[in-house]
Amino acid sequence: MNKLLQLVFGDWRNVLSVAVCTTLATGAAQAWPQVGGWLLVPALLAAAWWQAGR
């Protein structure tokens, strides 16, 4: 749980990437309800990959 909180709230880049992912998934859920949850997983994985690469 500590690692999850650190991933989400570690610094401004973490907060920004999580905000972008959730906004993207929420927007997709409005347009295509069946796709919203499935889009969140790859978006969060991409954010984690971006964070690991710095």
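Start by selecting Gly37, which sits in helix α3 (helices here are DSSP runs of H or I with at least four residues, strands are runs of E with at least two, and both are numbered from the N terminus). Gly37 is exposed, with a relative accessible area of 51% (buried means under 20%, exposed over 50%, and partly exposed in between, using a 1.4 Å probe and protein chains only). Now add Thr22: its C-alpha atom is 9.7 Å from that of Gly37, though the two are 15 residues apart along the chain.

A quick word on what you're looking at. This is a predicted model, where local features need pLDDT of at least 70 and side-chain atom pairs count only at pLDDT 80 or more, while totals for chains, interfaces and linings use all residues. Residues are numbered from 1 along each chain as its sequence is written, and side-chain values use heavy atoms, with hydrogens and water left out.

Stay in α3, which covers residues 36-52, and click on Leu44. Leu44 is partly exposed, at a relative accessible area of 37%. Keep Thr22 on screen too: the C-alpha atoms of Leu44 and Thr22 are separated by 8.5 Å, with their positions 22 residues apart along the chain.

Next, hop to Thr23, over in helix α2. Thr23 is exposed, with 54% relative accessible area. Pair Thr23 with Leu40 and you get 9.3 Å from C-alpha to C-alpha, for residues 17 apart in sequence.

Now select the whole of α2, residues 12-31. How far apart are its end C-alpha atoms? They are 28 Å apart, which agrees with the span expected for 20 residues at 1.5 Å a residue (the expected span is 1.5 Å times one less than the number of residues).

Colour Asn14, Ser17, Val18, Cys21, Ala25 and Ala28, the buried residues of α2. Look down the helix axis and these buried residues fall within an arc of 100°, so they line one face of α2 (the arc is taken from the directions from the helix axis to the C-beta atoms). Why does such spacing work? An α-helix has 3.6 residues a turn, so residues three or four places apart point the same way. Turn to the face away from the buried side and you'll find the exposed residues Trp12, Thr23 and Gln30.

Select Trp12 again, this time with Leu16 and Val20: together they form a nonpolar surface patch with about 340 Å² of accessible area. Val20 is also part of α2.

Finally, zoom out and colour by confidence. pLDDT, the predictor's confidence in each residue from 0 to 100, averages 76 over the protein, and 85% of the residues score at least 70. Helix α1 (residues 2-9) has the lowest confidence, at a mean of 68, and α2 the highest, at 80. Altogether you have three helices and zero strands, and buried residues make up 20% of the 54 residues.

Notes:
Patch = residues over 30% accessible without salt bridge, like charges linked within 9 Å, V, L, I, M, F, W, Y side chains within 5 Å. Areas by Shrake-Rupley, 256 points an atom, 1.4 Å probe, with all protein chains shown as cover. Salt bridge = Lys/Arg side-chain N within 4 Å of Asp/Glu carboxyl O.
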